[in-house]
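Biologist: I've got a few labels I'd like you to justify. Can we go through them one at a time?

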Amino acid sequence: MESNTFTRSIIPHFFTHDDYDSVMDAVADRIITSHLTHYTSSLIGEDLFEEEALELALHKAMETCSTAGMPLSNHFRMIFISSGGNLRRDWLVSDLGFHLVILNLEVSNPLAAKLKIQVLTRTAH
């Protein structure tokens, strides 16, 4: 008798096409997010790059992807980081996104020139 009461309390849920799309979108987003492994802020700091120069390189990298017809969300994702009571914006980027940011840094900076050579020689081999 108890099992009969239990089965009556189960409400069947029909898996709709919208539910399927939602689940698949969530899975795709998790896969994409797992490939966003670099913080652009790692290039900011002493002996590195100023935030303005990095922001310009980031926008050029995004423009490159967009012009090539690549979805920006697959390579660039804006995030916010809380540190010491302050909220600051950062970007999580894929390997390709990170390389494009480096390749778009101002070449007058010797470190930028070295990083560009490093990116190009790694991808050439």
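Biologist: What share of the contacts between residues at least 6 apart in sequence join residues at least 24 apart?

Modeller: In this predicted model, 55% of those contacts join residues at least 24 apart. A contact here means heavy atoms within 4.5 Å.

Biologist: And what makes a residue count as buried? How much of the chain does?

Modeller: The cut-off is under 20% relative accessible area. Of the 125 residues, 25% count as buried.

Biologist: Why are β1 and β2 called edge strands?

Modeller: The sheet is open, with three strands in the order β1-β3-β2 and antiparallel pairing. β1 (38-39) and β2 (76-83) each pair on one side only.

Biologist: How do you know that β1 pairs with β3?

Modeller: Two strands pair if there are at least two bridges between them. β1 and β3 (residues 86-93) have two bridges, in the antiparallel sense, so they count as paired. His-38 stands opposite Val-93 in β3.

Biologist: Why is α3 called oblique to α4?

Modeller: Helix α3 (residues 51-67) and helix α4 (residues 95-103) pack at about 125°, their axes 8 Å apart. Roughly perpendicular covers 65 to 115 degrees and roughly antiparallel needs over 145. The angle fits neither, so α3 is oblique to α4. The crossing itself is right-handed.

Biologist: Which residues make that contact, and how do they divide by type?

Modeller: From α3 come Leu-54, Ala-57, Leu-58, Ala-61, Thr-64 and Cys-65, and from α4 Gly-97, Leu-100 and Val-101. They divide into seven nonpolar, two polar and no charged.

How values were computed:
Residues are numbered from 1 along each chain as its sequence is written. This is a predicted model: local features need pLDDT of at least 70, side-chain atom pairs count only at pLDDT 80 or more; totals for chains, interfaces and linings use all residues. Side-chain values use heavy atoms; hydrogens and water are left out. Helices (H or I, at least four residues) and strands (E, at least two) are DSSP runs, numbered from the N terminus. Axes are lines fitted to C-alpha atoms, for helices over the stretch in contact, and angles run from 0 to 180 degrees between N-to-C directions. Angles under 35 degrees count as roughly parallel, over 145 as roughly antiparallel, 65 to 115 as roughly perpendicular and the rest as oblique. A crossing is left-handed if the near helix is turned anticlockwise from the far one by less than a right angle, and right-handed if clockwise. Ala, Val, Leu, Ile, Met, Phe, Trp, Tyr, Cys and Pro count as nonpolar, Asp, Glu, Lys and Arg as charged, and the others, Gly among them, as polar. Buried means under 20% relative accessible area, exposed over 50%, partly exposed in between (1.4 Å probe, protein chains only).
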